[in-house]
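Biologist: I am new to this structure and should like to go through it step by step. May I put some questions to you?

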Amino acid sequence: MDTNKKSLSFMISELKRFFKFFFSELKPKGKVFTPFNIITGIIMLTGAVLLVIRFAFGLGTITNLSQEYPWGLWIGFDVITGVAFAGGAYVLTFIVYIMRDEKYHPIIRVTVLNGFLAYVFYAGALLLDLGRPWNVINPIIGNSFGVSSVLFLVAWHFLLYMLAEFIEFSPAAAEWLGWKKTRKVLAGLTLGAVIFGITLSTLHQSGLGALYLMAKAKIHPLWYTEFIPILFLVSSVFAGLSMVIFEGSISHKVFKHRISEEIHRSHNDIVIGLAKICAGAMFVYIFLKALVFVHGQHWTYLNSGWGLWYLVEMIVFVAIPCFIFIEGYQSKKINLIKFGAVLTLIGIILNRLNVSVIAFKWYEAVRYYPTWGEIVVTLAVISAEIWVFRWIVNRMPILSDMPDWAKRQDQIGELESVTQKSESLKWKASIT
Amino acid sequence: MDRRNFLATVGTAVGASFIGRNAKASEKIEMMGILIDTTKCLGCRSCEYSCAEANGYPEPSDDSDKLFNSHRKTSENSLTVVNKFVIDENEIYVKEQCMHCAQPACAAACLTRAMHKTKEGPVVWDGSKCMGCRFCMISCPFDIPKFEYFSANPKISKCVMCWERLAKGEIPACAENCPNEAIVFGKRSDLIHEANNRIYSEPDAYVKHIYGEHEVGGTGVLYLSSVSFENFKFRTDLGEEAYPEFTKEFLYGVPVILTLFPAFLLALSNSTKREKTFTEGEGGNGH
């Protein structure tokens with residue numbers, strides 16, 4: 001009885017301490033009224049007002065969606081493009097935790113955090129687009145499993161992937177809070193979460209493409225192919241890594257005071273390495289695209305406006321950045337690589353919008369284009385993500401070094417696995 | 001064992017078994033359908049009025065001359081429309097509504113099974129499950145499901161073959177109120193039989209094509225016409241494969257990847273780990 005009381009009062013005091021710390025950390029660090037804060041603040045407020053109108057009076061009040069174009073910018077850009085941009089997390093966790101290439105270890109946390117937030121905000125933006133959002137729990141609980149639906153799969157995998165990403169990211173949060181025991185447990189879960197996360201990513205990156213398989217009669221033949229899922233998966237590799245390069249070079253300037261010596265030192269090396277992987281993935285992508293093109297006998301479509309648009313996408317925004325990446329890593333030109341990354345990102349936006357919006361119902365006389373309201377809400381979602389990202393990076397050891405106790409924990413963990421290994425070696429030696 | 005069977009066996013865990021079962025179910029049960037003979041339609045639009053009345057939608061405009069000037073589509077307020085086409089100086093009237101596919105893309109697309117095919121034939125919508133994602137609209141090859149964009153509680157509206165009337169033993173309102181029997185309700189197999197009968201008995205009056213017999217794997221609504229269906233702006237490039245088939249291969253792949261990938265990744269991870277600790281272990285043991 002007495003010990004119960006003691007532990008209860010201990011827990012209460014711990015909780016009090018946690019909330020006190022948490023609320024003290026909520027306060028902004030640095031100047032509040034910077035131009036960036038004022039502009040994004042206004043965008044988010046406007047977005048919030050628009051969303052109130054949208055939920056009160058229907059999607060049609062602030063969007064240009066119609067019976068012909070049921071999915072617009074919010075799905076085509078926020079979700080389908082945003083998720084491709086978040087692909088860096090699964091590619092890098094594969095390289096670092098599965099292939100154990102330590103070179104990219106310094107940026108793994110920031111990449112995972114970016115991936116996690118991208119899913120929370122961009123996939124979360126899906127909720128804004130739902131006509132009957134209160135039923136969103138139906139495919140998760142209850143008896144309404146639409147297992148024959150690709151969207152069912154994508155929805156579940158989004159959810160599970162967010163969980164996996166959260167676990168991968170959680171040791172950083174534990175370090176921030178000073179929870180040593182929790183951190184040890186969470187760090188132990190990392191490999192499991194990584195394996196789970198990569199598997200889910202493979203499925204839903206391609207799943208986003210598979211959403212359009214049944215729109216066969218609606219997408220221009222230059223963009224429709226039964227290989228859309230594979231093309232989406234392959235392009236998510238260089239989309240994600242280009243985002244890592246792009247985002248990394250901005251973080252490097254904005255969070256100068258937080259960046260650890262290690263990241264600073266290895267930055268160029270990492271960028272060059274990423275450019276190499278991007279170039280490889282893009283080469284595979286171009287090859288697959290060419291294969292689809294030749295097999296589909298699409299020559300005749302080239303001689304039209306759509307053909308020209310297709311060539312712009314493929315040559316200016318895939319082939320050229322591919323060569324830029326190759327030139328960039330061969331002659332170690334960091335700025336050239338960054339330019340290539342920006343071109344690639346534009347190319348991915350074009351590609352995803354082509355499949356989902358631009359070449360969708362290409363035969364329709366009245367075209368869809370987003371309203372200013374749709375654009376503002378999209379910018380508001382991006383702004384909110386940047387605010388949260390900044391808040392976390394300024395507090396947790398994402399770009400900065402982890403605390404010494406955490407480093408020791410990792411070393412001990414590694415040592416344990418080494419002794420385990422050597423013990424098993426001894427055991428093997430003893431039986432032979 | 002061919003590849004498809006193999007994948008289905010491997011993937012019994014989640015999706016595959018359900019898909020297989022659905023496909024079989026739609027083959028077994030005799031579904032109801034509607035036969036629309038465009039050569040008999042007079043363009044009186046009785047079907048539009050009776051449909052609006054039966055389903056509680058606003059009464060359609062009675063300005064037929066004006067309405068017939070443009071090609072109309074069904075909307076969130078009108079589940080069926082009649083269009084006029086002038087072909088070789090003949091006026092042909094064509095009713096449009098949901099085709100009630102044998103294997104509907106909208107139902108396969110629905111992640112809550114709000115849109116589903118009843119075993120009797122009609123494809124119906126359940127508002128208590130629908131989350132308004134509009135993936136059914138993206139998937140439907142005929143662009144039939146419509147969404148209420150100006151409502152806080154929007155519905156997906158489409159022809160449900162007067163599902164409630166059928167439950168009471170009545171027939172769809174449009175079929176009941178057609179004055180010239182251009183709309184016939186019945187078992188789909190009987191309707192195909194009847195349609196073929198009409199084509200064979202009056203070969204000059206009809207083209208030899210029942211639209212909907214094979215399109216997208218067969219539809220519940222069937223059309224007869226005196227001219228080819230392209231004239232009615234019907235899509236004749238949809239193919240004969242049922243649309244859910246397009247995603248089947250992908251969905252079969254899911255359980256395979258879900259089971260094989262983690263094992264593969266774990267093995268890969270272990271192999272890279274072993275290499276590293278091996279050298280360290282060797283150093284430690286003083287070899």
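Biologist: In this predicted model, how many of the eleven residues of helix α4 of chain A are buried?

Modeller: Helix α4(A) spans residues 88–98 and is mostly covered. Its buried residues are G88(A), A89(A), Y90(A), V91(A), L92(A), T93(A), I95(A), V96(A) and I98(A). Of the eleven residues, the number buried is nine.

Biologist: Which residue just after α4(A) takes a positive phi?

Modeller: The place in question follows directly on the end of helix α4(A). The phi there is about 55°, and the residue is R100(A).

Biologist: How are helices α2 and α14 of chain A oriented to each other?

Modeller: Helix α2(A) covers residues 35–57 and helix α14(A) residues 372–393; their axes lie 8 Å apart and the packing angle is about 125°. An angle between 115 and 145 degrees is neither roughly perpendicular nor roughly antiparallel. The two helices, which pass in a left-handed crossing, are therefore oblique.

Biologist: Which residues make this contact, and how many of them are nonpolar?

Modeller: From α2(A) the contributors include F36(A), I43(A), M44(A), L50(A) and L51(A). From α14(A) they include W372(A), V376(A), L379(A), I386(A), W387(A) and R390(A). Seven residues of the contact are polar and one is charged, while the number of nonpolar residues is 13.

Biologist: How many salt bridges does the structure hold over all chains, and which residues are linked in a network of them?

Modeller: Side chains of opposite charge can pair when their charged atoms come close. Over all chains, the salt bridges number 19. Those linked in a network are R109(A), E175(A), R183(A) and D410(A).

Biologist: Why does the salt bridge of K73(B) and E68(A) join two chains?

Modeller: The side chains of K73(B) and E68(A) meet with N and O 3.5 Å apart. K73(B) lies in the loop between α4 and β2 of chain B and E68(A) in the loop between α2 and α3 of chain A, so the chains joined are B and A.

Biologist: With which residue does K73(B) form a salt bridge at 3.1 Å, and is that residue buried or exposed?

Modeller: The salt bridge crosses from K73(B) to the loop between α13 and α14 of chain A. K73(B) is partly exposed, with a relative accessible area of 42%. The residue at 3.1 Å is E364(A), and at 16% relative accessibility E364(A) counts as buried.

Biologist: Which residue of chain B meets K361(A) in a salt bridge?

Modeller: K361(A) is in the loop between α13 and α14 of chain A, and the pair crosses to the loop between α6 and β6 of chain B. K361(A) counts as buried at 1% relative accessibility, whereas its partner is partly exposed at 21%. The N to O distance is 3.2 Å, and the partner is D143(B).

Biologist: Where is H157(A) placed, and which residues of chain B does H157(A) touch?

Modeller: H157(A) belongs to helix α7(A), residues 150–177. At 5% relative accessibility, against a limit of 20%, H157(A) counts as buried. Leaving aside residues up to four places away in sequence, H157(A) touches L200(A), L203(A) and H204(A) and, from chain B, V254(B) and L258(B).

Biologist: What separates the C-alpha atoms of H157(A) and T81(A)?

Modeller: Along the chain, H157(A) and T81(A) are 76 residues apart. In space, the separation of their C-alpha atoms is 17 Å.

Key. Residues are numbered from 1 along each chain as its sequence is written. Chains are lettered from A and ligands numbered from 1 in the order in which they are written. This is a predicted model: local features need pLDDT of at least 70, side-chain atom pairs count only at pLDDT 80 or more; totals for chains, interfaces and linings use all residues. Side-chain values use heavy atoms; hydrogens and water are left out. Axes are lines fitted to C-alpha atoms, for helices over the stretch in contact, and angles run from 0 to 180 degrees between N-to-C directions. Helices (H or I, at least four residues) and strands (E, at least two) are DSSP runs, numbered from the N terminus. Angles under 35 degrees count as roughly parallel, over 145 as roughly antiparallel, 65 to 115 as roughly perpendicular and the rest as oblique. A crossing is left-handed if the near helix is turned anticlockwise from the far one by less than a right angle, and right-handed if clockwise. Contact means heavy atoms within 4.5 Å. Ala, Val, Leu, Ile, Met, Phe, Trp, Tyr, Cys and Pro count as nonpolar, Asp, Glu, Lys and Arg as charged, and the others, Gly among them, as polar. A salt bridge is a side-chain nitrogen of Lys or Arg within 4 Å of a carboxyl oxygen of Asp or Glu. Buried means under 20% relative accessible area, exposed over 50%, partly exposed in between (1.4 Å probe, protein chains only).
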